[in-house]
Amino acid sequence: MLGKTANGLFWMFRYLERSENIARLVEAGFRMALTRSQRQGGDWASILTTAGLLEQYEAKYNDFENKPVVDFLLRDRANPSSVLSSMAEARRNARLARTALTREVWEAVNASWLELCDILKNPIRDKERIPDILAIIRRQSAQVQGAVHGTMLRNDIYDFTRLGTFVERADNTARILDVKYYVLLPSASSIGSSLDNVQWETILRSVSAQQAYRWLHQGEPTASAIAKFLILDHCMPRSLTFCVNEINLNLKYLNKEYGQTSPSSELAVALKEKMYAQTIDEIFESGLHEFIGDFLQCNLAIAGQIETDYRFFA
Amino acid sequence: MKFFNEMMADETSAREPYRLYKDWFDSQDPKVLKRKSAEAEAVFRRTGITFNVYGKKDAEERLIPFDIVPRIIGAREWTKLTKGIDQRVRAINAFLHDIYHKQEILKAGRIPKHLIQNNEAYLPQMIGVTPPGGVYTHIVGIDIVRTGENDFYVLEDNARTPSGVSYMLENRETMLQMFPDLFAQNRVQQVSDYPHALRRSLSDCAPKACKGKPVLGVLTPGIHNSAYFEHAFLADQMGAELVEGHDIKIENGRVCMRTTEGNEPIDVLYRRVDDEYLDPLNFNPDSMLGVPGLMDIYRAGGITIANAPGAGIADDKAIYSYMPDIIEFYTGEKALLDNVPTWRCSEADSLAYVLEHLSELVVKEVHGSGGYGMLVGPAASKKEIEVFRKKLEAKPSNYIAQPTLALSTTPVFTKSKLAPRHVDLRPFILVSPNKINITPGGLTRVAMKEGSLVVNSSQGGGTKDTWVLED
């Protein structure tokens, strides 16, 4: 496979994942805005911070009304992380990697893009349409993933799509934790007491995991249980450990297929060992914020090493 | 002007090739056809079969209009055409070999020397070079027009990088999906073998450096090129890599592509970039599209380039005017397919005639393609003609002129009924060392505007599925 094609696949799936994550954040924010009209501004600001877009947003708008925030996050082409911008990039990369994609996958991405352009052609005036639009974005993403799952060979092509997906997802979950870590920290006043409902709900909704969390942890949520769920859980598909395991697995497949151990796979093994060496209490003890910061660095380093190892660029 | 209608023999009865289709069409509900027509567009859009039109920023990717009425060619008509095409393609390859070697045709005085020597498409870098297998034009598209029951003319030869074959394949694919019953009634020859045939044909021209199964690459200028869809499509269908200049470099005397596992040599490069962009060391030094040093590897037998550099001179419209002589010179036979009568504006008498009859003629740039820079006299305004006259007078040798042909029509489906529109035909021909393979069908281009004679997609033309019936 061409290095350029691997690059196209990797980024196509990073952008698909990114678009889905942004849509998820909008969903969480919109839900909060609906249920808590008083603190609306604060909630949207925290959503924008999580997406790493607060500064850009504030440079453009003065308030945190639903309409401009949703517009900025979903359809603003000047915002490189908006759903529309991410999908444009996903499709551009799909075109670059077209020869490595099955017709079904390409058509799913292309049709998603066309539909998205259509439904996001004009600003969303009626806020009742927002849930419908978010549902369409969710369905599109499921269609692409379904086409990948059902039609792609499990070879190096597939490995690069998975790597893109999980590097982006790990980054996303880690950033949510990075922004919200203070909520999960035991402070003098809140030790032993239950968390601010809204805060933890935001966190879980941002990763579409409120239901999964309920299945695994009955009763009142605690900071430590939520942190453990998002960082160390093996089954939760958006937890850091899950992502790191997937990154490891796919790099291992590539090692096997190419008959050599890549430096990126070694970095991934090191990160995995670090994750498995600590309990959630130990993570809290040595500093949650530091842990997340370190994780983001490691993830970034792995992504950079993948780019080098597999010769994405000349 | 009276136009030959390919579908209808008279007011009510269809010509033989269209007989079954006409019966079928008459039994259809126009409302259903209208819906299917819209569906076809959605299929093309979803598939991403798009075309970038140069100079139109707002519409980065456009669809070429597709018409659901097939263009049907009878078995006998087709056999006749293929004989002429086969002869012409053999002559073109012999001509190219000759002008880059002994130049017998120039010595014999059948073509003026200056036409070759002062021609930008003639590449001195190719003098004395014999491409692997002796093939210059691996892929050829011959543009053919019809004016009567037995009157076919070659309008243009495309020996450089003919495009449009992906539409031939996708149009058929779409028709098969939408009207399966039509294919049960009519025995239509298949075109779907083209990508395999292309792969085989290119593989048969592998260079001497090739060991084992040839590795193929399709060289594209990139994602913004008007035909990028087609490049990706063909690479995908042939199992070739789709490469750009920055994906390849020279290593150990081979042209290698950068893969995830290292550098791998390419044996055959199906290039979809023009000669001058192939190799900045040997041609245009400002080009970022090509591979520095590619020509040196080519000359040393390290790679096959398809089509061969310098093959484009056969496309030249001034050379075209000599094609009947060229065919006779190399095959010893009279040309089976006619040329359109052509005035070379470089010749004083012809120029005078052309200037006097601009409003009746079609005037084309010698090196032009895609319908750019041409004048269709009968359709042009007085002002357009005067503007063109100045250009022509300034550089007569840059132009040729032809009579405005009474292009045949086939119907398109519009406003729930059939309406005649002018068409041309581009069959695709694959050349390998011992075989000339003509795909039964091709690309039918249709002028969607009533009365228009310009079928180029860049000028709003559409396409049709092209059927060649079995005997």
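**Gln190 of chain B and the fold around it**

Leaving aside residues up to four places away in sequence, B:Gln190 touches B:Arg172 and B:Pro440. Like everything described here, these contacts come from a predicted model. The residue sits in a loop of chain B, on the stretch that links α7 (180-185) to α8 (194-203). Its side chain also takes part in a polar contact, with the side chain of B:Ser192 at 2.9 Å. Is B:Gln190 buried or exposed? With a relative accessible area of 61%, B:Gln190 counts as exposed, because the cut-off for that label is over 50%. For a sense of distance, take B:Thr260: it lies 70 residues from B:Gln190 in sequence, and the two C-alpha atoms are 37 Å apart in space.

Stepping back to the whole of chain B, the model shows 14 helices and 23 strands. The C-alpha trace spans about 65 × 60 × 50 Å along its principal axes. How does the radius of gyration of chain B fit with a compact globule, and what value would be expected? For 471 residues such a globule would come out near 23 Å, and chain B has 22 Å, so the two agree. Of the 471 residues, 59% count as buried. Contacts that reach far along the sequence are well represented too: of those in chain B between residues at least 6 apart, 69% join residues at least 24 apart. On the outside, chain B exposes about 19500 Å², with carbon and sulfur atoms supplying 50% of that area.

Among the strands of chain B, four make up an open sheet with antiparallel pairing, in the order β14-β17-β15-β16. Which strands stand at the edges of this sheet? They are β14 (343-344) and β16 (375-376) of chain B; each has a single partner strand, so one side of each has no neighbour in the sheet. For β14(B), two bridges make the link to β17 (residues 399-403) of chain B, and these two strands run antiparallel. One residue pair can be picked out here: B:Arg344 has B:Ile400, in β17(B), as its bridge partner. In general, the strands of a sheet pair through backbone hydrogen bonds.

As for confidence, chain A has a mean pLDDT of 90, and 93% of its residues reach 70 or more. Among the elements of chain A, helix α12 (residues 240-258) has the highest mean pLDDT, 98, while helix α9 (residues 197-206) has the lowest, 77. Over residues 188-193 of chain A the pLDDT is below 50, and this stretch has two contacts in the model beyond near neighbours in sequence.

Conventions
Residues numbered from 1 in each chain as written. Chains lettered and ligands numbered in written order. Predicted model: local features only at pLDDT ≥ 70, side-chain atom pairs only at ≥ 80, totals over all residues. Heavy atoms only, no water. pLDDT = per-residue confidence, 0-100. Contact = heavy atoms within 4.5 Å. Buried < 20%, exposed > 50% of the residue type's maximum accessible area, 1.4 Å probe, protein only. Polar contact = N/O pair within 3.5 Å; in protein donor to acceptor, adjacent residues only side chain to side chain. Rg over C-alpha atoms; globule rule 2.2 N^0.38 Å. Areas by Shrake-Rupley, 256 points an atom, 1.4 Å probe, with all protein chains shown as cover. Pairing = 2+ DSSP bridges.
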